Amino acid sequence: MTDVRAGIARRVALPLTAVLITAAALLWHRLPVPTQIYAPFDEHGSPGSAVRGRALDVAVTKVRVAPKAKFALGQYSSSTVSAIGTWLIVDATVSALTSSEFVSADLVLDGNTYQQALRAPTRGFGVRVDPGLPQHGYWVFDVAPELMQPAITGPLQVRVWADSDGRLNDRLVIDLANRPQDRSDIIAVKPFEIGPAT
Amino acid sequence: MLSGLKRFIRGELAQLKLPQMWHLVAGAVVAVAALFGGLDSVDAKPKVFNVGQPYSDGEFTVNVTKAIVLDDVRAGKRVMMPTTPDHVYLGLVSSVRNDGPIQGSLGGVIDGAEFDLQQAHKEFLGAFRIADSSMVVALGPKLSEKVVFLWKVPRSEVVAGSKVTLRVWQKQLRELVVTYGKDWLASETVYAQIVVPVVKL
């Protein structure tokens with residue numbers, strides 16, 4: 001009896017080990033990564049109406065596209081900057097709901113993520129958004145023109161969140177793809193304003 | 001049939017000497033390691049690329065045009081960097097395209113420059129756009145631009161007619177472990193090298 005068992009064990013050991021190691025390797029390649037484990041919770045919305053999350057309320061009013069932008073520095077001076085690709089400027093109103101917030105935003109275009117352009121000479125919003133004092137400003141992105149052809153197939157979204165990296169936090173995802181964009185040769189960018197809707 | 005095969009394998013194994021058994025064990029270790037992503041390859045020789053030849057480090061595709069040595073750096077009439085008695089400016093003219101899905105840094109204070117100049121004494125000053133001489137700290141995905149990478153180097157060490165060697169480190173898009181997010185991390189061992197003749201502008 002023990003001989004039979006030992007025989008079976010010997011015969012099964014090798015294939016069983018091979019199967020276990022293969023299964024372990026497959027599992028190893030499919031382990032979730034931190035950006036999946038700590039991913040923000042997305043709150044989807046569209047331009048025109050306000051999108052409300054836990055900390056912020058964001059209403060995108062306009063999407064403007066042009067190769068050059070004229071940023072107003074003050075009442076009488078401005079700076080015209082040409083984009084490396086093309087400027088995509090998202091005009092929006094941001095309100096903090098309960099407490100003062102540091103607001104971050106990025107843009108998803110056809111699988112690519114764009115940070116706000118560092119070459120823009122002005123700030124699109126204040127350093128901080130305080131409750132009760134909505135800010136009317138803009139986010140500036142320098143995007144690749146070939147991805148901005150009239151027929152955009154991939155998603156075009158602006159993502160807005162409060163607090164630095166947004167881990168396990170809520171994030172507002174506003175879909176801009178179905179919105180007609182204002183295309184021109186040059187965009188006039190006004191300084192941001194703080195206060196009730198204008 | 002199966003038992004015959006088994007007997008054959010057993011016979012073969014029995015004939016093996018100890019060093020040959022170690023080869024089998026080593027083969028098994030490599031095969032199992034391959035399932036988990038494999039062992040790192042040791043590539044002793046760096047890749048070499050040339051002027052006018054596009055090279056991709058994974059993140060950026062660069063195409064070097066020339067290296068120039070300058071007494072001062074001007075944008076039109078404006079002097080951006082003045083003449084100094086001991087130093088000159090080395091400019092590397094190259095096109096850069098970000099092939100990745102996220103913004104890439106061309107070199108700043110925190111991370112190294114895209115081109116790693118192989119000179120003992122140098123100070124990296126940044127990458128500047130040739131079209132309007134503005135500084136380009138980072139390049140968004142799928143954007144390409146012609147820039148000049150600038151270094152301040154001792155006057156005696158870089159002269160017109162000499163050659164400079166630059167390295168481009170291989171980059172990989174990885175999950176950050178200590179902080180949160182995904183970013184391009186440069187390899188510590190794998191790089192490509194280019195040797196560029198220096199000309200006077």
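Chain A splits into two domains: domain 1 covers 1-31, and domain 2 covers 40-194. Their centres, taken over C-alpha atoms, are 55 Å apart. Keep in mind that this is a predicted model.

Chain B is also divided. Its domain 1 is 2-35 and its domain 2 is 47-200. Here 51 Å separate the two centres, again over C-alpha atoms.

Back to chain A, and its overall dimensions. The C-alpha trace spans about 100 × 40 × 25 Å along its principal axes. The radius of gyration is 25 Å, where a compact globule of 198 residues would come out near 16 Å. As for burial, 32% of the 198 residues of chain A count as buried.

Now the secondary structure. Chain A has 2 helices and 12 strands. What is the order along the sequence? It reads α-α-β-β-β-β-β-β-β-β-β-β-β-β, with both helices ahead of the strands. Contacts reach across the sequence. Take the pairs in chain A at least 6 residues apart: 74% of those contacts join residues at least 24 apart.

Let me pick out one strand, β9 of chain A, residues 170-175. Which way does β1, residues 41-45, run against it? Parallel, with 5 bridges joining the two. In that pairing F41(A) stands opposite D170(A). Strand β8, residues 156-162, also pairs with β9(A). That pairing is antiparallel, through 4 bridges. There, R159(A) has V173(A) in β9(A) as its bridge partner.

On to the core. The largest nonpolar core holds 77 residues. Which residues have the most contacts inside it? From chain A, they are L56(A), V58(A), I89(A), V90(A) and V158(A); from chain B, there is L90(B). So which element gives this core its largest share? That is β4(A), with 10 residues.

V58(A) deserves a closer look. Set aside its neighbours within four places in sequence. What does V58(A) touch then? On the list are A50(A), V51(A), A92(A) and V94(A). V160(A), L172(A) and I174(A) are also in contact with V58(A).

For contrast, look at a loop residue. L133(A) sits in the loop between β6 and β7 of chain A. Buried or partly exposed? L133(A) counts as partly exposed, because it has 14 C-beta neighbours inside 10 Å, and a buried residue needs 20 or more. Beyond its neighbours within four places in sequence, L133(A) is in contact with I194(A) and G195(A). Compare G48(A), 85 residues away along the chain: its C-alpha atom lies 20 Å from that of L133(A).

Last topic, the contact between the chains. Chain A puts in 24 residues and chain B puts in 20. Where do the residues on the chain A side come from? Five elements each supply at least two: α1 (2-29), α2 (34-37), β4 (78-96), β6 (112-114) and β7 (135-143). The largest share, 4 residues, comes from α1(A). By class, the chain A side has 12 nonpolar, 8 polar and 4 charged residues.

Two things to take from this. Strand β4 of chain A appears twice: it gives the core its largest share, and it supplies at least two residues to the side that touches chain B. And β9(A) pairs in both directions, parallel with β1 and antiparallel with β8.

Key
Residues numbered from 1 in each chain as written. Chains lettered and ligands numbered in written order. Predicted model: local features only at pLDDT ≥ 70, side-chain atom pairs only at ≥ 80, totals over all residues. Domains from an automatic or database assignment. Contact = placed C-beta atoms within 7 Å. Nonpolar A, V, L, I, M, F, W, Y, C, P; charged D, E, K, R; others polar. Core = buried A, V, L, I, M, F, W, Y, C linked by C-beta atoms within 7 Å. Buried ≥ 20, exposed ≤ 12 C-beta atoms within 10 Å, placed from the backbone. Rg over C-alpha atoms; globule rule 2.2 N^0.38 Å. Pairing = 2+ DSSP bridges.
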